[in-house]
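Got your viewer open? Let's take a walk through this one, one selection at a time.

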Amino acid sequence: MALHMIKLCVGADSLQDLRDWVSERALMAISAGLEPHSVHTTRMVPKRRDELLDGGSLYWVIKGQVMARQPLLDLRCVTGSDGIQRCELVLGPEVVETAPQPKRPFQGWRYLKVDEAPRDLGSLGEGMTAMPEDLRRELADLGLL
């Protein structure tokens with residue numbers, strides 16, 4: 001059964017900021033002759049690797065709300081030049097917009113159960129995807145989404 005991760009998207013002020021970052025990383029990878037994946041490095045290595053790689057995604061919290069997800073493709077343990085072991089989360093190039101869901105700040109990443117993850121925005125109908133991000137954010141804050 002799939003399991004997801006959730007993490008704060010530090011430095012991004014909007015969904016477009018995340019998309020721009022992912023696109024930039026994909027273009028850099030392609031120009032280097034690599035697959036267009038983005039990699040996010042964390043300090044802690046997930047112990048539930050098999051569940052995460054069984055269709056799991058990394059959900060991004062932007063300005064206090066879960067706003068998007070990226071499919072998890074791989075988890076790689078690496079040791080930096082400082083001798084500290086880290087985990088590289090290899091993410092698919094697609095940023096899937098989700099229904100906004102309020103989330104309080106936390107450190108690092110957390111596991112996210114499938115039944116607790118917000119639904120993809122596209123599954124909620126065309127009207128939702130056409131709605132401006134700020135309006136969706138406000139409606140979610142009011143508990144109307």
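How many helices and strands are there in the protein chain? Color by secondary structure and you can count 4 helices and 7 strands. Keep in mind that this is a predicted model. Starting at the N terminus, the elements go β-α-β-α-β-β-β-β-β-α-α. The protein chain has 145 residues, and 40% of them count as buried.

**Stop one: helix α1.** Select residues 15–31. This helix has 17 residues and spans 24 Å from its first C-alpha to its last, close to the 24 Å expected. Now show the side chains of Leu15, Leu18, Val22, Ala26 and Ala29, which are buried. Look down the axis of α1: the buried residues fall within an arc of 65 degrees, so they line one face of the helix. On the face turned away from that buried side, pick out Leu27 and Ser31, which are exposed. Just after α1, click on glycine 33, where phi is positive, near 80 degrees.

**Stop two: the largest nonpolar core.** Select Met5, Leu15, Leu18, Leu58, Leu72 and Leu89; among the 20 residues of this core, these touch the most other members. Then add the elements around them: α1, β3 (57–62), β4 (65–79) and β5 (85–91) each supply at least two core residues. β4 gives the most, with 4 residues. In soluble globular proteins, nonpolar side chains tend to be buried together.

Zoom in on methionine 5. Setting aside neighbours within four places in sequence, its contacts include Pro46, Leu52, Tyr59, Leu72, Trp109 and Leu112. Apart from the largest core there is another one, of 7 residues, including Ile6, Tyr59, Phe106 and Ala117.

**Stop three: the salt bridges.** There are 7 salt bridges in the count. Select arginine 19 and glutamate 97, whose side chains meet in one of them at 3.2 Å, N to O. Arginine 19 sits in α1 and glutamate 97 in strand β6 (residues 96–102), so this pair ties together parts that are 78 residues apart in sequence. Which of the two is buried? Glutamate 97 is, at 15% relative accessibility, while arginine 19 is partly exposed at 28%.

Next, select glutamate 24 and arginine 25, where the closest N and O atoms are 3.1 Å apart. Finish with arginine 86 and aspartate 82, which meet in a salt bridge at 2.9 Å, N to O. Here arginine 86 is partly exposed at 25% relative accessibility, and aspartate 82 is partly exposed at 46%.

Note on methods. Residues numbered from 1 in each chain as written. Predicted model: local features only at pLDDT ≥ 70, side-chain atom pairs only at ≥ 80, totals over all residues. Heavy atoms only, no water. Core = buried A, V, L, I, M, F, W, Y, C linked by side-chain atoms within 4.5 Å. Buried < 20%, exposed > 50% of the residue type's maximum accessible area, 1.4 Å probe, protein only. Contact = heavy atoms within 4.5 Å. Expected span 1.5 Å × (residues − 1). Arc of directions from axis to C-beta. Salt bridge = Lys/Arg side-chain N within 4 Å of Asp/Glu carboxyl O.
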